[in-house]
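Here is a briefing to read with the model open. Follow it topic by topic.

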Amino acid sequence: MRLPEHIENAFDLSYLDFPKCPTTEIKSIGILGGGTAGYLTALAIQKMHPSIKVQVIESSKIPVIGVGESTTTEIVPFLHRTLQIDPFEFFKEVEPTLKLGIRFDWGCPGDYKFNFSFFASHQYESYYHENSIENSNWVSVLMNKNKFPIIRQDDGSLLSFLPSIPFSYHIDNKNLIRFLRKTLKQRRIEIIDGEVDQVTQDENGFVKSLKTVEGHELAYDLYVDCSGFRSKLLGQTLKTEFQPFSDTLFTDKAITFDLPNNDSVDVYTSVITMNNGWTWKIPMRSEDHYGYVYSSKYSDEETAVAEARAKFGNFKEYKVVNFRSGRHTQAWNKNVFALGNAYGFIEPLESTAIQTAVHSIIALCRLMPNSHSDHTSIAALNGEVAATWDSFRWFVGMHYKLNKKLDTPFWKDVRDKAEIGSANAIIDLFNQRPPLSAGNLGTGSPYTAVNGLVFNSYSYDTLLFGQKAVTKPLKKPAMTKEEYDSKVKSYLALTERSLTLHEIFTNDYLFSEEILEQLFLDTDTWIVETEA
Ligand SMILES: Cc1cc2nc3c(=O)[nH]c(=O)nc-3n(C[C@H](O)[C@H](O)[C@H](O)COP(=O)(O)OP(=O)(O)OC[C@H]3O[C@@H](n4cnc5c(N)ncnc54)[C@H](O)[C@@H]3O)c2cc1C
């Protein structure tokens, strides 16, 4: 061998190619539930543990919950890299809209709003120079003007910044479910239509089999409970203890309704403070989906509907969704692992549900116990899932606690009584050493199986600056007012040239201008960098 070949041979990096998921003695998994959680789990297990046989059991008589339409950035690399879902097919069939973040009508009285964009930067400088984070970075300015980071250049061609600006999807739940079911079928994952009514257990309480009303008897090594709020296996059968989050999160009902979008597709989810909770507005391509999330202790349905109609328009039909916030103490109990609403739910303010489901799926695949006696892996998995959920619970609770927009009895009680656990220490830290993102403080545990792209130190900074929770004067930043103003000028100039989502969708630019190709086929993008 010549010297260069010796060098190449010596620095062989193939040891890095170890599979990310451990081998396991578990050979078969039955997933109970064909909602978003169940389908995503089936696709992920097939990809990450191809030797395990997976089946989904769902009942065509028990509908999916049908809400769950605003997502966080994790979903993009998870769908298209981890699960290898073709983005072109996905965009054609699911028709998602694109989300740059959340626009909060929240925090301070009057017409005050702030943006929680996935691209957080320069908030400290912005707050110091302008007492607001509205113009802190280009994405926030885009959100103010409802524009998207694709600009028209002088020669008329389009330039897309999507490879470097994180976004997520707004997805019509019906479209997503239809698409995922089709993908399962294409990948030959068996779906059994049957309503599980009896669960047989051995003398130690382990699930032996599931019996359906239609006469199937189904047995697996591991059961993944994705049966939604029913929590058929983890909750009803194993009676795993449930920890309600009701001392942090007071809401328990939502009324959902649709309104026309008048040819304007927002680039964000709106979160709007209401008398007894808040309303989401999620843009679809041809209409907007709304949901007023409220507390039944403070408002009845009629009052909530009247308030929503007075504020948003006279919608005719609406649905009522009941929910409870909280989680089971263990995600894995005996030979059952639960995820999605079957494990728990954090009220929908920060769209955490699909995100936490994805987190649990990746944690399960990465920490898959070797067998049911692998107590160390089981404890690690339970710890990982619980810690993530609790940190999200406190993070969402902090939004409520700091919201000074309204003074109704509901909001006064929330401010006085809501428990926000570890977020208290993070708020304190923020006021000692802002911004948290400068030192990566407040990110939760640095050692997790799945690194969070959202709800990290930038997220806390955004919520704390955004809600004006700064209690001490800030020190002068290195960026002068002139430098800051010059940046804002550039943000505004770029925004002038940026397109609206309505223009992008009606002209089909994502396909015709090869924007999707550039985004998903290039490897130098945030999507590749953030794959878990
Ligand atoms: C008001 C509200 C708003 C929300 N908004 C968002 C949001 O914006 N973003 C977000 O990420 N999430 C949101 N969520 C959460 C989100 O809807 C769910 O977490 C997500 O859809 C996953 O649901 P799931 O798959 O766990 O359960 P489900 O969709 O309820 O599916 C349950 C499945 O289990 C099956 N099943 C149940 N029992 C049996 C049985 N005995 N036998 C056979 N099959 C059975 C059913 O047939 C169904 O297929 C929201 C939730 C609520 C309540």
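How many residues surround the ligand, and which are the closest? The shell holds 36 residues, and Gly33, Gly35, Gly68, Gly228 and Gly340 are the closest to the ligand. Keep in mind that this is a predicted model. The points below start at the ligand, then move to the sheets, the helix pairs and the backbone details.

**Around the ligand**

- Three elements each give two or more residues to the ligand shell: helix H2 (36–48), strand S2 (53–58) and helix H10 (352–366).
- H2 supplies the largest share, with three residues.
- Sorted by class, the shell has 16 nonpolar, 15 polar and five charged residues.

**The six-stranded sheet**

- Six strands form an open sheet with mixed pairing, in the order S9-S2-S1-S13-S22-S21.
- Strand S9 (190–193) and strand S21 (332–333) are at the edges. Each has a single partner strand, so one side of each has no neighbour in the sheet.
- S2, a contributor to the ligand shell, sits between S9 and S1 in this order.
- Strand S13 (residues 222–225) and strand S22 (residues 336–338) run parallel and are joined by three bridges.
- Within that pair, Val224 is opposite Phe337 of S22.

**The seven-stranded sheet**

- A second open sheet, also of mixed pairing, has seven strands in the order S5-S4-S16-S17-S18-S15-S19.
- Its edge strands are strand S5 (114–117) and strand S19 (319–322), and each of them pairs on one side only.
- From one strand to the next, the twist averages 20°.
- Four bridges link strand S4 (residues 101–105) to strand S16 (residues 269–274) in the parallel sense.
- Arg103 has Ser270 of S16 as its bridge partner.
- Helix H6 (residues 138–145) packs on this sheet and touches S4 and S5. The direction of H6 makes about 125° with that of S5.
- Helix H9 (residues 301–312) lies across five strands, namely strand S15 (253–260), S16, strand S17 (277–283), strand S18 (287–294) and S19. H9 runs at about 30° to S15.

**Strand S6 and its partners**

- Strand S6 (residues 148–152) pairs with strand S7 (residues 158–160) in the antiparallel sense, over three bridges.
- Ile150 has Ser160 of S7 as its bridge partner.
- S6 and S7 make a hairpin, with five residues between the two strands.
- Gly156 lies in the turn and has a positive phi of about 90°.
- S6 also pairs with strand S24 (residues 498–499), again antiparallel, over two bridges.
- In that pairing, Ile151 is matched with Ser498 of S24.

**Helix H7 against H2 and H4**

- Two packed helices are described by the angle between their axes and the distance between the axes.
- How do H2 and H7 lie relative to each other? Their axes come within 10 Å and cross at roughly 30°. Angles under 35 degrees count as roughly parallel, and H2 and H7 are therefore roughly parallel.
- The H2–H7 crossing is left-handed.
- On the H2 side, the contact uses Thr36, Tyr39, Ala42 and Leu43. On the H7 side are Leu176, Ile177, Leu180, Arg181, Thr183 and Leu184.
- The residues of this contact divide into seven nonpolar, two polar and one charged.
- Helix H4 (residues 87–94) also meets helix H7 (residues 173–186), with axes that come within 9 Å and cross at roughly 135°. H4 and H7 are therefore oblique to each other.
- The crossing of H4 and H7 is right-handed.
- Phe90, Glu93 and Val94 of H4 make this contact with Asn175, Leu176 and Phe179 of H7. By class, the contact has four nonpolar, one polar and one charged residues.
- Leu176 of H7 takes part in the contact with H2 and in the contact with H4.

**Backbone details to check**

- The peptide bond from Pro434 to Pro435 is cis, with omega near -5°.
- Pro435 is in the loop between helix H13 (423–432) and helix H14 (457–466).
- Ser231 has a positive phi, near 45°, although Ser231 is not a glycine.
- Ser231 belongs to the loop between S13 and helix H8 (232–237).

Terms used
Residues are numbered from 1 along each chain as its sequence is written. This is a predicted model: local features need pLDDT of at least 70, side-chain atom pairs count only at pLDDT 80 or more; totals for chains, interfaces and linings use all residues. A residue is near a molecule or strand if its C-beta atom, placed from the backbone, lies within 6 Å of it. Ala, Val, Leu, Ile, Met, Phe, Trp, Tyr, Cys and Pro count as nonpolar, Asp, Glu, Lys and Arg as charged, and the others, Gly among them, as polar. Two strands pair if DSSP finds at least two bridges between them. Axes are lines fitted to C-alpha atoms, for helices over the stretch in contact, and angles run from 0 to 180 degrees between N-to-C directions. Angles under 35 degrees count as roughly parallel, over 145 as roughly antiparallel, 65 to 115 as roughly perpendicular and the rest as oblique. A crossing is left-handed if the near helix is turned anticlockwise from the far one by less than a right angle, and right-handed if clockwise. Two residues are in contact if their C-beta atoms, placed from the backbone, lie within 7 Å.
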